[in-house]
Amino acid sequence: MLVRNFIGSVDPGMRSILSGVDSYAQVLKPGSIISGATIGVVEDSHHPKFAIGDVVSGGFGWTELGVSDGRGLLKLTDRRVPYSCHIGVLGVPGLTAFFGLERIAQLKDNETLLVTSAAGTVGATAGQLAKLRGCHVTGIAGSDDKCSWLKNVCGFDEVINYKTVGDLDMAIAEACSGGIDVLFDNVGNTMIDRVIPRMKVGGRIVVSGQVADYNKAPEDVPGIHNTSAFITHRLRMEGLVVYDDFRDFSRAKEEMIGHIMKGDLHYREHVTEGVANMPEAFISLFTGESFGRRLVQLGDIPEQRQ
Ligand SMILES: NC(=O)c1ccc[n+]([C@@H]2O[C@H](COP(=O)([O-])OP(=O)(O)OC[C@H]3O[C@@H](n4cnc5c(N)ncnc54)[C@H](OP(=O)(O)O)[C@@H]3O)[C@@H](O)[C@H]2O)c1
């Protein structure tokens with residue numbers, strides 16, 4: 001099959017495959033295509049299940065054309081949401097939020113959640129799904145615009161602009177004055193370390209991402225020091241690889257589509273054009289310039305018929 005991609009994504013986690021050290025994803029070898037989720041149209045097919053004109057999501061990476069035997073491709077027949085959602089709020093970032101809360105945090109109704117990099121797709125989705133469970137949600141983000149969107153559109157209870165707040169520890173203590181049941185962390189060790197003393201007994205820390213640490217050499221990544229609270233407060237900290245939940249993706253997507261249709265789950269997309277601009281889009285993830293799911297339009301988007 002030949003697929004012409006019309007949307008591609010850039011993701012913070014891709015930084016690790018550029019680092020030269022294997023993690024759960026293999027390092028990128030020179031000459032290979034940088035990974036990323038894509039949506040495209042089948043342009044030629046000898047596959048019984050895919051016809052010319054089908055729209056498919058896949059992982060062709062930073063490229064306009066992809067060749068596939070069909071494995072890993074999903075035909076997008078659902079017309080309730082725009083195609084782009086399937087690699088954003090309903091794709092890996094949204095699913096990371098969903099399973100981070102469900103499987104790792106085992107979130108309960110009315111708990112207190114603190115989420116970092118809260119205006120990204122993972123963070124904003126996690127915060128809103130927790131709001132739907134009656135939780136008290138505080139988000140930390142890096143601009144007033146992001147904070148305002150989280151509060152006024154996504155319904156977060158408290159927001160903190162970590163770049164302007166001055167005393168971040170004090171701001172977290174005030175926003176989560178009764179303590180924190182769940183920290184959903186997308187940022188890294190310095191953030192986790194400063195939040196640990198605010199966790200309630202039985203608190204859970206979801207280690208989702210480490211965007212502040214991805215660009216650091218291993219020896220420069222900060223450590224976590226407040227470990228005694230793991231004993232005194234019976235804390236649990238656990239990492240997540242969202243692909244472990246693959247079998248439950250359809251259930252999670254269907255639930256999230258329901259929330260989107262009801263207006264209870266909002267998302268933002270930050271789209272620029274042209275495959276040549278993918279490196280710039282990628283860098284914007286680490287400068288804070290990106291706001292929402294960072295996508296690059298690679299070609300004309302086909303009309304979505306109902
Ligand atoms: N575990 C998994 O299976 C899995 C799967 C997908 C994604 N993830 C992780 O989830 C996290 C969020 O992903 P996303 O796609 O929604 O991206 P994202 O949160 O939109 O990431 C980009 C944002 O990170 C923030 N940031 C960048 N450098 C920072 C720093 N030094 N300190 C604090 N914040 C910084 C910036 O926002 P501000 O303006 O707010 O600083 C930037 O706009 C990432 O760490 C990603 O690796 C994990």
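**A tour of the nonpolar cores and one loop**

Begin by selecting the largest nonpolar core of this predicted model, a set of 41 residues in which Leu90, Phe99, Leu101, Leu113, Val115, Leu150 and Phe184 have the most contacts inside the core. Next, colour the elements that give two or more residues to this core, namely the helices and strands α2 (92-105), β6 (112-116), α3 (121-131), β7 (136-141), α4 (144-152), β9 (180-185) and α8 (249-261). Of these, α2 gives the most, with seven residues. If you then colour by domain, you will find that the core draws at least three residues from each of domain 1 (2-88 + 268-297) and domain 2 (92-243). In soluble globular proteins, nonpolar side chains tend to be buried together.

Now centre the view on Phe99 and, leaving aside neighbours within four places in sequence, display the residues in contact with Phe99: Ile104, Leu240, Val242, Asp245, Asp248, Phe249, Arg251 and Ala252. From there, move to a second core, separate from the one above and made up of 20 residues, including Ile140, Leu168, Cys176 and Val195.

For the last stop, select the loop between α2 and β6, where Gln106 is placed and where Asn110 is found as well. Most residues other than glycine have a negative phi. Gln106, although not a glycine, has a positive phi of about 50 degrees, and Asn110, also a residue other than glycine, has a positive phi near 65 degrees. Which of the classes, buried, partly exposed or exposed, applies to each of them? Gln106 is partly exposed, with a relative accessible area of 48%, whereas Asn110, at 58% relative accessibility, counts as exposed because that class begins over 50%.

Notes: Residues numbered from 1 in each chain as written. Predicted model: local features only at pLDDT ≥ 70, side-chain atom pairs only at ≥ 80, totals over all residues. Heavy atoms only, no water. Core = buried A, V, L, I, M, F, W, Y, C linked by side-chain atoms within 4.5 Å. Buried < 20%, exposed > 50% of the residue type's maximum accessible area, 1.4 Å probe, protein only. Helix = DSSP H or I, 4+ residues; strand = E, 2+ residues; numbered from the N terminus. Domains from an automatic or database assignment. Contact = heavy atoms within 4.5 Å.
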